[in-house]
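Reader: I would like to go through the labels attached to this structure and ask, for each one, what justifies it. Could we begin with the rule and then turn to the residues?

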Amino acid sequence: SLKNKYPQGDFIAGNIPPLPYPDNTFDCVVSFQVIEHIYDDHTFLKEIARVLKPNGLALISTPNRPLSLSRNPWHEREYTADELTAIAKKYFGEVTMKGITGTEKVLHYHERNRQSVNQLMKWDVFDLKHKLPASVLRVPYEILNRFNRNKLKAAADDLVASIKHEDYLLTDNASSALDLFLVVRK
């Protein structure tokens, strides 16, 4: 567990929002790939602003909806760069939207993944992925997602194994990025 690996750390489990901290507690808040899972995204952002010290910084990443491969039933919603920027401006004095893209290897893997997902989605002739409730889609999504990733790994193991964190790059062009990277300051 993380607690065993980092005994000096303070780990708190819970449902958010609200955040279980007093006002003006942190210099920086990092929230990677979380906001899309939060039902009340406005309260989540308001809570981040509340717990930040004056001039505090928050870094928030989330999938870029136009580049998502399919509906993820675990996500409450996904955003475009403009949508998330507009929401963030309600709670933060300074808002900068960037994106996370990748090197040619990452983009090649993403394209293979897109093609593979499209092959699976062609069987959804009734567009059930958009018509059924998320709770019904979670089990088939997990099975098909695992199948797809294992298939990609087996077909392109050298590619998958060669991708490192250095292959993910920050870009100013958020609208065409794989993920959104929101930088906000209180």
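Author: Let us start with accessibility, where buried means under 20% relative accessible area, exposed means over 50%, and partly exposed covers what lies in between. Please keep in mind that this is a predicted model.

Reader: Why is Asp-23 called partly exposed?

Author: Asp-23 has a relative accessible area of 48%, and because partly exposed runs between 20% and 50%, that value falls within the range. Arg-50, at 23%, is also partly exposed.

Reader: What makes Arg-50 and Asp-23 a salt bridge?

Author: The criterion asks for a side-chain nitrogen of Lys or Arg within 4 Å of a carboxyl oxygen of Asp or Glu, and the side chains of Arg-50 and Asp-23 meet at 2.8 Å, N to O. The pair links distant parts of the chain, with Arg-50 in helix H2 (residues 41-51) and Asp-23 in the loop between H1 and E1, 27 residues apart. Asp-23 and Arg-50 also belong, together with Glu-47, to a network of salt bridges.

Reader: How many salt bridges does a search of the whole structure find, and what qualifies the one between Asp-172 and Lys-98?

Author: The search finds 8 salt bridges. In the case of Asp-172 and Lys-98, the closest N and O atoms are 2.4 Å apart, which satisfies the limit of 4 Å. Asp-172 sits in the loop between strand E4 (168-171) and E5, whereas Lys-98 belongs to strand E3 (residues 94-102), so that the pair links parts of the chain 74 residues apart.

Reader: Why do Asp-172 and Lys-98 carry their accessibility labels?

Author: Asp-172 reaches 61% relative accessibility and therefore counts as exposed, the threshold being over 50%. Lys-98, at 22%, counts as partly exposed, since buried would require a value under 20%.

Reader: How do you know that Asp-167 is buried or exposed, given that it forms a salt bridge with Lys-105?

Author: Asp-167 has 10% relative accessibility and counts as buried, because the cut-off is under 20%. Its partner Lys-105, at 31%, is partly exposed. The closest N and O atoms of the two are 3.4 Å apart, which again lies within 4 Å. Asp-167 lies in the loop between helix H7 (157-162) and E4 and Lys-105 in helix H4, so the pair ties together parts that are 62 residues apart in sequence.

Reader: Turning to the rings, how many aromatic pairs are counted, and what makes Tyr-21 and Phe-26 stacked, tilted or edge-to-face?

Author: The count comes to 2 aromatic pairs. The ring centres of Tyr-21 and Phe-26 are 4.9 Å apart and their planes stand at 80°, so the pair is edge-to-face, the rule being a centre distance within 6.5 Å and an angle over 60 degrees. Tyr-21 is partly exposed at 27% relative accessibility, and Phe-26 is likewise partly exposed at 27%.

Reader: Why is the pair of Phe-32 and Phe-181 described by another word?

Author: Their centres are 6.0 Å apart, with planes at 50°, so the pair is tilted; that angle is neither under 30 degrees, as stacked demands, nor over 60, as edge-to-face demands. Phe-32 lies in strand E1 (residues 26-32) and Phe-181 in strand E5 (residues 179-185), 149 residues apart. Phe-32 is partly exposed at 44% relative accessibility, while Phe-181, at 12%, is buried.

Reader: What makes Phe-11 eligible for a nonpolar surface patch?

Author: Phe-11 has a relative accessible area of 43%, and patch residues need over 30%. With Leu-2 and Tyr-6, Phe-11 forms a patch of about 310 Å² of accessible area together. Phe-11 lies in the loop between helix H1 (2-5) and E1.

Reader: Which residues lie nearest the centre of the largest pocket, and what is its volume?

Author: The volume is about 1100 Å³. The lining comprises 39 residues, of which Leu-69, Asn-72, Tyr-141, Asn-145 and Arg-149 lie nearest the centre.

Technical notes. Residues numbered from 1 in each chain as written. Predicted model: local features only at pLDDT ≥ 70, side-chain atom pairs only at ≥ 80, totals over all residues. Heavy atoms only, no water. Buried < 20%, exposed > 50% of the residue type's maximum accessible area, 1.4 Å probe, protein only. Helix = DSSP H or I, 4+ residues; strand = E, 2+ residues; numbered from the N terminus. Patch = residues over 30% accessible without salt bridge, like charges linked within 9 Å, V, L, I, M, F, W, Y side chains within 5 Å. Areas by Shrake-Rupley, 256 points an atom, 1.4 Å probe, with all protein chains shown as cover. 1 Å grid on protein atoms, 1.4 Å probe; cavity = no way out; pocket = protein on both sides within 12 Å on 5 of 7 lines; lining within 4 Å. Points joined across faces, edges and corners; volume = space filled by probe spheres on them.
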